[in-house]
Amino acid sequence: MPAITRFGVIVGAATGLFSCLGNCQSLTTTPTLASTGTLTRSGVPTGAAPSGGPGGTPPGGGTGGGSGTVNSGTGLYVLTDDQVVSGGSYSCEANDTSVFIANGTVSATLIDVTVVKSGDTSSDDDSSFYGLNAGILAIDQAVLNITGGSVQDTGEGSDGVFAYGDSTIYISGTRINVTGGNSGGIEAAGGGTMYASNLIIDANNKAAIRSDRGGGFMVVDGGEYRTSGAQGAPAVYSTANITVKNAILTAAGSEALVIEGLNELTITNCTVSGNMGVSGTQELHNVMLYQSMSGDAEDGTSEFTMIGGSLESLSGCMFYITNTAAIVTLSGAELTLSGDSSYLFNVSGNDASNGWGSVGSNGGNATLNLSGQTVAGDIYADPISILNIDIADSSALTGAINPDGTTAAGLAVTIDSTSTWVLNADSYVTSFTGSLDNVEQGSYTLFVNNTAASA
Ligand SMILES: *[C@@H]1O[C@H](CO)[C@@H](O)[C@H](O)[C@H]1NC(C)=O
Ligand SMILES: *[C@@H]1O[C@H](CO)[C@@H](O)[C@H](O)[C@H]1NC(C)=O
Ligand SMILES: *[C@@H]1O[C@H](CO)[C@@H](O)[C@H](O)[C@H]1NC(C)=O
Ligand SMILES: *[C@@H]1O[C@H](CO)[C@@H](O)[C@H](O)[C@H]1NC(C)=O
Ligand SMILES: *[C@@H]1O[C@H](CO)[C@@H](O)[C@H](O)[C@H]1NC(C)=O
Ligand SMILES: *[C@@H]1O[C@H](CO)[C@@H](O)[C@H](O)[C@H]1NC(C)=O
Ligand SMILES: *[C@@H]1O[C@H](CO)[C@@H](O)[C@H](O)[C@H]1NC(C)=O
Ligand SMILES: *[C@@H]1O[C@H](CO)[C@@H](O)[C@H](O)[C@H]1NC(C)=O
Ligand SMILES: *[C@@H]1O[C@H](CO)[C@@H](O)[C@H](O)[C@H]1NC(C)=O
Ligand SMILES: *[C@@H]1O[C@H](CO)[C@@H](O)[C@H](O)[C@H]1NC(C)=O
């Protein structure tokens, strides 16, 4: 790290004066900058376009559609290599302009910096896909290290902190408030990487931990991630490879978690809750694995793993799987259905009104893997869906499977000798592997292909 010197006035900020529409509070502060650092402005990037999609209706992270041309806008303060900005308040009201941008092969550090962003995007898609108008934006191969400080972001289409392309952001101990439409807390897209720890995020309209087209890699450790949006604002929306541990994830008006397409989300030792208020034509749910067909996520198996911690649904079934292949693994988590639904798992087609596949062929192909997991709740797979349930490693399931007698396209239950399944209604499967000694049928009956199972 180069020697740090003080600048009375930020050299490049004079340029910013003409574009930050009279809210250049930073000009009156005296932030500490690296001796190599002058803050200057940049232009608008161009680049290769990812393929556009037909445009479905994703609920929380994705937006569908898209112009296809990379547009990350500009940044008011352009970070240079090895630059350290320590303290101070930086703000920008200009549309399509981030407060800070790190671009190219730059490696820069922000310590205890207050960032205030307002001003709107000219394209919600470009904001979601490329970070246009984000509070703090890293693109290209930039590496940005943010510690402490805060981001207060009221712009439309303005994610708090955004890693796009080959960039990497390390962020720790930062307070992020995001209130604008189509704006999330932290986001990775286009392959971006983010390591976040101990953040406190409040986001009103999109996911607190968000990803979009092109995916990326995010690891979040510790902190609180809250959303309040009435629709489309899960705590986490994954079109990427996201791991969250030791954190509190709360969606006050939406489903808790969403995974789209060939992507994964691993939640370890977290306290998670969702409270989906508006469903449209969807099944009310707490966690959804699906394919929106918007082009934001590749087709493939959506994976969700929960280890330890707790997951509460205040509204709707716990897991809803539609129009995708999926693997859900639960191990040592405490699951609670507090709403009206008694369903732990629903693998079904949808009415296609959101563009999620075609009626008759948009079911799911899911695996539910219970490993060291005790859980209660009913399970359903519709006639165009496949569900394999593996109950193993001292797991205990209490609930019925397709109690209304529906025959799924495939519904296979495998149970090992250390686990139990307690029926609370008649259950209908197409295959059973294991010993009936591990199934407590009580006064109910397990039917395999409509024939009562017998030892
Ligand atoms: C990033 O840097 C490249 C190369 O200098 C430039 O073409 C592009 O406009 C910059 N992008 C932004 C958003 O500043
Ligand atoms: C900024 O965006 C808003 C909303 O689209 C628009 O009303 C306003 O005119 C824009 N401002 C400028 C300077 O372009
Ligand atoms: C980020 O900066 C903090 C404090 O300035 C430092 O402790 C930490 O090691 C840095 N992280 C990385 C990944 O460089
Ligand atoms: C974020 O919002 C909370 C609650 O409204 C408030 O207490 C806090 O000061 C805000 N922080 C910032 C950085 O805006
Ligand atoms: C996702 O990231 C985890 C590490 O956090 C890694 O083990 C896993 O292989 C990654 N998955 C993919 C598909 O790259
Ligand atoms: C689990 O997460 C909580 C924070 O929600 C943390 O206090 C606790 O130490 C974590 N437990 C383990 C074993 O890491
Ligand atoms: C499962 O979800 C479908 C919508 O995809 C819904 O029609 C059905 O009623 C749900 N089944 C159960 C048992 O909740
Ligand atoms: C369903 O998923 C399983 C496991 O991933 C796979 O072997 C099978 O081919 C899939 N079935 C269909 C019809 O896609
Ligand atoms: C189920 O999950 C456990 C724990 O992650 C793993 O060891 C096992 O291989 C998984 N089983 C299947 C059938 O995927
Ligand atoms: C149940 O019926 C399906 C479809 O006809 C068949 O593939 C499967 O082998 C049958 N299972 C048993 C246990 O008979």
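How many nonpolar, polar and charged residues does the shell around ligand 3 have? Sorted by class, that shell holds two nonpolar and two polar residues, with no charged residues. Please keep in mind as you look around that this is a predicted model.

**Ligand 3**

The residues that surround ligand 3 are Ile111, Asn145, Thr147 and Tyr170. Asn145 offers a polar contact here: an N or O atom in its side chain lies 2.4 Å from an oxygen atom of the ligand. On its own, ligand 3 exposes 360 Å², and the protein buries 39% of that area.

**Ligand 7**

Let us turn to ligand 7. Around it you will find Glu283, Tyr320, Tyr343, Asn346, Ser348, Gly349 and Tyr380. By class, this shell has three nonpolar, three polar and one charged residues. The table sets out polar contacts to oxygen atoms of ligand 7.

| Residue | Protein atom | Distance to an oxygen atom of ligand 7 |
|---|---|---|
| Tyr320 | side-chain N or O | 2.7 Å |
| Asn346 | polar side-chain atom | 2.4 Å |
| Gly349 | backbone N or O | 2.7 Å |

Taken alone, ligand 7 exposes 360 Å², of which the protein buries 65%.

**The nonpolar cores**

Now for the protein interior. The largest nonpolar core has 91 residues, and the members that touch the most others are Ile186, Val244, Leu249, Phe304, Phe319 and Phe345. Where does this core lie with respect to domain 1 and domain 2? It lies between them, because domain 1 (1–254) and domain 2 (259–455) both contribute residues to it. Apart from this core there is another one, made of 11 residues, including Val78, Ile101, Leu137 and Ala189.

Phe319 is a good place to look in detail. Leaving aside residues up to four places away in sequence, Phe319 touches Val287, Leu289, Phe304, Leu311, Val328, Leu330, Leu335, Leu344, Phe345 and Asn346. Asn346 thus turns up twice: it is touched by Phe319, and its side chain places a polar atom 2.4 Å from an oxygen atom of ligand 7.

Note on methods: Residues numbered from 1 in each chain as written. Chains lettered and ligands numbered in written order. Predicted model: local features only at pLDDT ≥ 70, side-chain atom pairs only at ≥ 80, totals over all residues. Heavy atoms only, no water. Near = heavy atom within 4 Å. Polar contact = N/O pair within 3.5 Å; in protein donor to acceptor, adjacent residues only side chain to side chain. Areas by Shrake-Rupley, 256 points an atom, 1.4 Å probe, with all protein chains shown as cover. Nonpolar A, V, L, I, M, F, W, Y, C, P; charged D, E, K, R; others polar. Core = buried A, V, L, I, M, F, W, Y, C linked by side-chain atoms within 4.5 Å. Buried < 20%, exposed > 50% of the residue type's maximum accessible area, 1.4 Å probe, protein only. Domains from an automatic or database assignment. Contact = heavy atoms within 4.5 Å.
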